[in-house]
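Good morning, colleagues. Please take a moment to look at the sequence and the structure on the screen before I begin.

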Amino acid sequence: MAVIAKSSIALPNKVIPLRRFFPVVVLGLTVFLSSNLVLAQSESGAEQLRQFVRNSKTAEGEFVQQQLRAPKANEPQDKGLKVVRQTQGRFVFQRPGRFIWDTQKPYEQKLIADGKQLILWDKDLNQATFRPAGQALATTPAAILFGETSLDQHFDLVEGEDRLGLKWVALAPKKTPNAKNGNDLPYTKISVGMANGLPKALELIDGLGSVVLVTLDKIQLNVSLPANRFTFVPPAGAEVLRLN
């Protein structure tokens with residue numbers, strides 16, 4: 001896929017100081033981490049990804065999430081996609097259906113799935129928003145990929161080109177017979193970049209051509225997590241919103 005062929009996978013040190021970047025796409029991310037040993041780079045990206053999903057138990061690490069766009073008509077056309085928003089922080093997940101996406105810069109915000117509900121905690125606003133996990137996850141890759149089943153039951157895995165040192169594999173949602181639009185995912189293209197048995201990047205493209213690139217680093221696999229790791233209780237005095 002050529003959409004980020006001119007952009008860098010390296011994690012930048014400078015953070016663009018924007019106020020809000022709601023981390024919806026993280027729901028399609030944490031599933032790609034697993035507990036398998038490092039695979040030979042000769043393995044295809046699709047096979048590496050299958051083994052990750054089969055063997056995933058727990059994982060944690062760091063992320064940088066960027067929203068990218070093509071240069072406008074009045075901007076230089078030879079520098080690839082432009083970063084318009086960026087966040088970074090840490091993640092942790094436990095299959096099935098539990099994760100924390102902890103944004104630390106440029107603001108503090110957490111997205112938490114405890115297996116039953118999805119919680120967005122905004123420290124600056126002192127606000128916690130709760131919604132049912134099934135409904136909240138229904139339009140994201142996580143609804144399928146956090147489950148116990150094989151990726152191949154829901155996606156066609158298509159080998160992509162090798163670029164930036166990664167083996168890319170596209171996840172093409174299989175059409176659901178009774179679905180109005182074939183599937184409920186908000187993305188027209190989902191790709192994962194694999195290297196040496198580890199997922200290094202997730203690329204999401206929506207129907208308007210907006211690109212989100214998530215790069216992963218310092219991944220620790222099969223970490224031991226306490227039973228209450230995904231429990232969240234709003235601080236006293238916080239505003240609590242409950243959405244049905």
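Does Asn222 count as buried or as partly exposed, and at what relative accessibility? Asn222 counts as partly exposed because its relative accessibility is 40%; buried means under 20% relative accessible area, exposed over 50%, and partly exposed in between, with a 1.4 Å probe and protein chains only. The residue is placed in the loop between strand S11 (211–221) and strand S12 (239–242). Although Asn222 is not a glycine, its phi is positive, at about 55 degrees.

Let me state the basis of these values. This is a predicted model, in which local features need pLDDT of at least 70 and side-chain atom pairs count only at pLDDT 80 or more, while totals for chains, interfaces and linings use all residues. Residues are numbered from 1 along each chain as its sequence is written, and side-chain values use heavy atoms, with hydrogens and water left out.

I turn to the chain as a whole. It has 3 helices and 12 strands; these are DSSP runs numbered from the N terminus, with helices being H or I of at least four residues and strands E of at least two. Of its 244 residues, 47% count as buried. The exposed area is about 12,300 Å², of which carbon and sulfur atoms supply 50%; the areas come from the Shrake-Rupley method with a 1.4 Å probe, and for residues only the protein chains shown count as cover. Among contacts between residues at least 6 apart in sequence, 60% join residues at least 24 apart, where contact means heavy atoms within 4.5 Å.

Next, the aromatic residues. A search of the whole structure finds 3 aromatic pairs. Rings of Phe, Tyr and Trp (its six-membered ring) pair if their centres lie within 6.5 Å; planes under 30 degrees apart count as stacked, over 60 as edge-to-face and the rest as tilted. Phe63 and Trp101 have ring centres 3.7 Å apart and planes at 25 degrees, so this pair is stacked. The pair links distant parts of the chain, with Phe63 in strand S1 (residues 58–69) and Trp101 in strand S3 (residues 98–105), 38 residues apart. Phe63 is buried at a relative accessible area of 2%, and Trp101 is buried at 0%.

Trp101 also pairs with Phe91: the centres are 6.0 Å apart and the planes at 20 degrees, so these rings are stacked. Phe91 belongs to strand S2 (residues 82–94) and lies 10 residues from Trp101 in sequence. Both Phe91 and Trp101 are buried. Ring pairs thus link Phe63, Phe91 and Trp101 into a cluster.

Strands S1 and S2 also carry a polar pair. Gln66 lies in strand S1, and Gln86 is found in strand S2. Their side chains are joined by a polar contact of 2.9 Å; such a contact is a pair of N or O atoms within 3.5 Å, and within protein one must be able to donate a hydrogen and the other to accept it, with residues adjacent in sequence counting only if both atoms are side-chain atoms. Gln66 is buried at 9% relative accessibility, and Gln86 is buried at 3%.

Which strands pair with S5? Strand S4 (residues 109–114) pairs with S5 in the antiparallel sense over 5 bridges, and strand S6 (residues 127–132) pairs with S5 in the antiparallel sense over 6 bridges; two strands pair if DSSP finds at least two bridges between them. Strand S5 (residues 117–122) is mostly covered, with 5 of its 6 residues buried. Leu111 has Leu120 in S5 as its bridge partner, and Ile119 stands opposite Phe130 in S6. The hairpin of S4 and S5 has 2 residues between the strands, and Gly115 in its turn has a positive phi of about 100 degrees. In the hairpin of S5 and S6, with 4 residues between the strands, Asn126 takes a positive phi near 55 degrees. Asn126 counts as partly exposed at 29% relative accessibility.

Phe130 has a further partner: Arg242 lies over its face, at 4.4 Å from the ring centre. Likewise, the charged end of Arg163 sits over the ring of Trp168, 4.2 Å from its centre. A charge sits over a ring if NZ of Lys or CZ of Arg is within 6 Å of the ring centre and within 35 degrees of the ring normal.

Finally, two peptide bonds. A cis bond joins Arg95 and Pro96, with omega about -5 degrees, and Pro96 lies in the loop between S2 and S3. The bond from Lys105 to Pro106 is cis, with omega near 5 degrees, and Pro106 is in the loop between S3 and S4.
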